[in-house]
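User: Please take a close look at one part of this model, starting from a single side chain and working outward to the ligand site and the unusual backbone spots. Give the cut-offs as you go.

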Amino acid sequence: MATQTDLLHPVAEQHSNFWQNAHLYFDRVFQTMNLEQAWRPVLSSPKRVLTVSCPIRMDDGKIQVFTGYRVQHNNARGPFKGGIRYDASVNRDEVMALAMLQTWKNALVGLPYGGAKGGVVCEPKKLSLGEKERLTRRYTSEIMPIVGPNEDIPAPDAGTDAQVMSWYLDTYSMMVGHQELGCVTGKPVSLGGSVGREEATGRGVMNILRKFLATQNKQIEGSRVVVQGFGNVGSHAARLIEQRGGVVIGISDKNGGIFNEKGVDIEEAIAYYKTSGSLEDFEGGDSISNEELITGECDVLVPAAMESTITEAIATHIKARVVVEGANGPTTPKADEILRENGVTVLPDILANAGGVTVSYFEWVQGLQNFFWEKKQVEDELQKVMERAFDAVNAKADEADCDYRTAAYTIAIGRVTEACRLKGLFP
Ligand code: NAD
């Protein structure tokens with residue numbers, strides 16, 4: 001029989017490596033900061049974790065049940081905000097870790113949001129359009145009790161896009177009885193989305209790379225760049241880097257990579273990827289494995305696929321001098337250490353890929369005001385936010401003589417802890 005002590009201290013849950021990595025990055029910095037230790041367990045745990053079952057009628061008439069999650073990590077600085085991921089590998093730990101990363105990211109770039117994340121365990125490319133719509137509508141209605149324009153505002157992430165956000169908007173709006181533009185971001189422009197949102201994460205990656213290179217008296221022009229992952233983030237980052245004279249010598253997706261020493265034609269690759277859904281048999285370069293691609297000779301590596309793709313074993317062989325984390329959590333803590341020892345600069349995810357949520361914030365503001373911006377305004381404001389965040393991280397790294405990830409976490413954790421402390425505890 002469980003004793004009183006057992007009930008107070010339940011057996012520690014076994015968490016995934018990714019969850020542990022996210023906590024290690026947080027803990028390591030929190031411990032070194034002069035903060036009231038009592039906030040550590042508060043910031044280590046999500047405020048709310050919702051698991052839902054979504055039964056869907058498939059095209060063949062059978063019913064299939066999909067599991068979904070919405071995790072709200074912390075809302076001391078404002079309503080929860082974070083993407084929704086559709087992928088076969090989605091699990092509770094992953095969504096909890098991503099929600100925590102989102103809290104730090106939103107605080108680091110100064111957005112008035114807390115952090116959240118959602119996910120549905122499914123293979124989006126294997127669902128028909130109708131199945132994906134029914135799944136999205138059911139998932140939206142299942143998480144309705146905890147979301148809303150002032151509570152929690154989702155957005156796209158891996159496996160979801162503007163079409164999924166349109167179904168989310170419609171389902172939410174139907175259930176509240178009026179169109180509620182502020183309930184979700186990443187919508188198509190014709191449905192109250194923001195111009196520039198789709199490419200915003202990739203644009204932010206380019207902005208941060210450019211700012212960092214400038215500190216080294218270098219520039220994007222002429223830099224040899226490898227991009228891992230060719231979805232929303234990777235393809236736009238590659239395109240914008242190429243537009244500024246960068247030579248993107250390698251790109252890849254889940255099934256493998258393409259290498260071309262003279263530079264892959266990114267517009268051609270995007271057109272090919274759009275029609276075939278993969279880079280397989282793309283003729284703009286030589287086929288190469290993902291591992292060969294990211295450990296090959298280049299100046300800059302942009303991991304823009306999924307978490308934990310840069311492991312200890314791979315980090316040792318990385319030849320790039322700069323890693324710009326387009327994906328969330330691509331580098332494990334051991335790999336991070338190896339890269340640092342080898343003199344590789346890592347521009348961390350919570351800084352480098354914050355462009356998406358920043359333009360999501362602009363979209364939310366536009367939707368609440370029903371007043372829409374021009375593309376130039378979006379791009380200029382985004383650049384301002386990214387550059388300000390980079391300058392703050394760069395200054396902190398200089399002042400504390402530490403790496404960029406530690407500097408970014410120090411700023412973000414400091415801001416979130418301050419908000420928690422000022423608000424105090426309810427009731
Ligand atoms: P996406 O689904 O559009 O594309 C993912 C790409 O990565 C695909 O080309 C896929 O084939 C590839 N991929 C998956 N596993 C891979 C592997 N092991 N090796 C190589 N390629 C692999 O997803 P996305 O929206 O571009 O998101 C990518 C990453 O960026 C995720 O970590 C996501 O959380 C993060 N992110 C996305 C946004 C956004 O606005 N979409 C914002 C911030 C961060």
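Analyst: **One helix residue and its surroundings**

Apart from neighbours within four places in sequence, Thr410 is in contact with Val29, Met33 and Lys396, where contact means heavy atoms within 4.5 Å. This is a predicted model, in which local features need pLDDT of at least 70 and side-chain atom pairs count only at pLDDT 80 or more, while totals for chains, interfaces and linings use all residues. Residues are numbered from 1 along each chain as its sequence is written, and side-chain values use heavy atoms, with hydrogens and water left out.

Thr410 sits in helix 16. Helices are DSSP runs of H or I with at least four residues, strands are runs of E with at least two, and both are numbered from the N terminus. Thr410 counts as buried because its relative accessibility is 17%; buried means under 20% relative accessible area, exposed over 50%, and partly exposed in between, using a 1.4 Å probe and protein chains only.

**Either side of helix 16**

The loop between helix 15 (375-400) and helix 16 holds Asp401. Asp401 has a positive phi near 50 degrees without being a glycine, and Asp401 is exposed because its relative accessible area is 71%. In the segment after helix 16 (404-423) lies Pro427, and the peptide bond from Phe426 to Pro427 is cis, with omega near 0 degrees. Most residues other than glycine have a negative phi, and most peptide bonds are trans.

Asp281 also has a positive phi, about 65 degrees, and is not a glycine. Asp281 is placed in the loop between helix 9 (266-276) and strand 10 (286-288), and counts as exposed because its relative accessibility is 63%.

**The ligand site**

The ligand is surrounded by 24 residues, the closest being Arg85, Asp157, Thr201, Tyr273 and Asn328; a residue is near a molecule if one of its heavy atoms lies within 4 Å of it. By class, this shell has 8 nonpolar, 11 polar and 5 charged residues. Asp, Glu, Lys and Arg count as charged; Ala, Val, Leu, Ile, Met, Phe, Trp, Tyr, Cys and Pro as nonpolar; and the others, Gly among them, as polar. Helix 8 (232-243) and strand 8 (247-253) each supply at least two shell residues.

Ligand oxygen atoms make polar contacts, meaning pairs of N or O atoms within 3.5 Å. One such distance is 2.7 Å, to a side-chain N or O atom of Tyr273. Another is 2.8 Å, to a side-chain N or O atom of Thr201, and a polar backbone atom of Asn232 is 2.9 Å from a ligand oxygen. Taken alone, the ligand exposes 830 Å², and the protein buries 86% of that, with areas from the Shrake-Rupley method and a 1.4 Å probe.

How values were computed: A polar contact is a pair of N or O atoms within 3.5 Å; within protein, one must be able to donate a hydrogen and the other to accept it, and residues adjacent in sequence count only if both atoms are side-chain atoms.
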